[in-house]
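The following exercises concern strand pairing and core packing. Please work through each task with the sequence and structure in view before reading its solution.

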Amino acid sequence: MSLSLSLSLSVFRQALYPSPEEGWQIYSSAQDADGKCICTVVAPAQNMCNRDPRSRQLRQLMEKVQNISQSMEVLDLRTYRDLQYVRNTESLMKVVDGKLKVASENPRSLNPKGFQELKDKVTQLLPLLPVLEQYKTDAKMILRLREEVRNLSLVLMAIQEEMGAYDYEELRQRVLLLETRLHSCMQKLGCGKLTGVSNPITVRASGSRFGSWMTDTMIPSSDNRVWSMDGYFKGRRVLEYRTMNDFMKGQNFVQHLLPHPWAGTGHVVFNGSLYYNKYQSNIIIKYHFRSRSVLVQRSLSGAGYNNTFPYSWGGSSDIDLMADENGLWAVYTTIPNAGNIVISRLEPQSLEVLQTWDTGFPKRSAGESFMICGTLYVTNSHLAGAKIYFAYYTNTSSYEYTDIPFHNQYSHISMMDYNPRERVLYTWNNGHQVLYNVTLFQVIKTSGD
């Protein structure tokens, strides 16, 4: 997984001008469908070293590269969104084109009703005009970025010529030091507090209104398999795609037929196994993909099932399994808890409950929920206008009400899960598979570095 220049630049400054007494402010976020990790590091105030004028020149150069990188990321995201819109209107354009051809060949065939229908179709195409105008603007931006990159290359060549063999070796040692500090920083970036959710990225439109899709939350990033489970009850068919690109195209997949049907959409893939709720029971099943067998199944004592305590959208969503940086979790409720959300941390091998928390939040008032760094975040609805409304911290057994908005693009979310490996939210939204990047915040002390 590559790192954005916003992270690299700040750590580069820290490597050149260390200040161990102060801490870094870290905003970290997963980014696009290519798996690029975007992290923004706000470094402490530094005393800029002026002994080497090339340090300043390199710093200015990296800032220019950072600006170009950010512009390209914005351009890429906007182009991806607009391309989807153009594709969605393609069929409508073909209909309008066909009707226009018929009308031009035989004007008398166009009666008042047909004329009004054609006018309505053309009206539906009007939003396409600003999209095309944006494409013109983006084309100019690409030309400008190309010229800036060419100029940067010339500056780099000039710097390289000015630097002798000794200077190059010194720079190489600094880069090695930077890489060491960078890896150390990334080891500490495991957890943080949720401060924001990005705009949605639609990966694919497939399946029914309800379902779930996911990647493994624990295995190495070299394993890019994607799993899809359509429907919310009595399903047994799990599709395994080789890569995210294959999932987007609907190709190169194998089928797993589960020995027991599932209930709800709260499934999770954790370390090569699928954990899911068995239909019409409070039994959790661990199914191993490689051996195609059930390794263990255990009843979640007292947990409601079969739409006793679902989320607000129903769908047998009584038991929601999820994983984060701290392990495997079950989110559910019981009659003694009066329908309030209960969180239990599970032992992945035996499915035994290790610890349980009562959040006090009514599950039927929740649209969906997900765990990040041991904190349960709850949305107040599954419909349009939803926001992340409540957070429960298991490390302190405390809670707070939050106000973190996100765009519910297709107006009906039936699955929302966090993947700690990619720092992204996977959602199933009215037959669309959608990703959200998350922004986490923390302060990392460097005194021990």
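**Exercise 1: An open sheet**

Determine the strand order of the open sheet of four strands and identify the strands at its edges.

Solution. In this predicted model, the four strands follow the order β9-β10-β11-β12, and their pairing is antiparallel. β9 (268–270) and β12 (293–299) each have a single partner strand and therefore stand at the edges, with one side of each left without a neighbour in the sheet. From one strand to the next, the twist averages 25°. As for the pairing of β9 with β10 (residues 273–277), three bridges join the two strands in the antiparallel sense; Phe 270 has Ser 273 of β10 as its bridge partner.

**Exercise 2: A hairpin and its covered strand**

Describe the pairing of β21 with β22, and state whether the residues of β22 are buried or exposed.

Solution. Six bridges pair β21 and β22 in the antiparallel sense, with Asn 419 opposite Val 424 of β22. Four residues lie between the strands of this hairpin, in which Arg 423 adopts a positive phi near 50°. Six of the six residues of β22 (residues 424–429) are buried. Val 424, Tyr 426 and Trp 428 point one way, while Leu 425, Thr 427 and Asn 429 point the other way.

**Exercise 3: The largest nonpolar core**

Which strand gives the most residues to the largest nonpolar core?

Solution. The largest nonpolar core has 20 residues; among those with the most contacts inside it are Leu 194, Phe 406 and Leu 425. Strands supplying at least two residues each include β3 (193–197) and β19 (387–393). β23 gives the most, with four residues. Beyond its neighbours within four places in sequence, Phe 406 is in contact with residues including Val 197, Ile 388 and Tyr 436.

Note on methods: Residues are numbered from 1 along each chain as its sequence is written. This is a predicted model: local features need pLDDT of at least 70, side-chain atom pairs count only at pLDDT 80 or more; totals for chains, interfaces and linings use all residues. Side-chain values use heavy atoms; hydrogens and water are left out. A nonpolar core is a set of buried Ala, Val, Leu, Ile, Met, Phe, Trp, Tyr and Cys residues joined through side-chain atoms within 4.5 Å. Buried means under 20% relative accessible area, exposed over 50%, partly exposed in between (1.4 Å probe, protein chains only). Contact means heavy atoms within 4.5 Å. Two strands pair if DSSP finds at least two bridges between them. Axes are lines fitted to C-alpha atoms, for helices over the stretch in contact, and angles run from 0 to 180 degrees between N-to-C directions.
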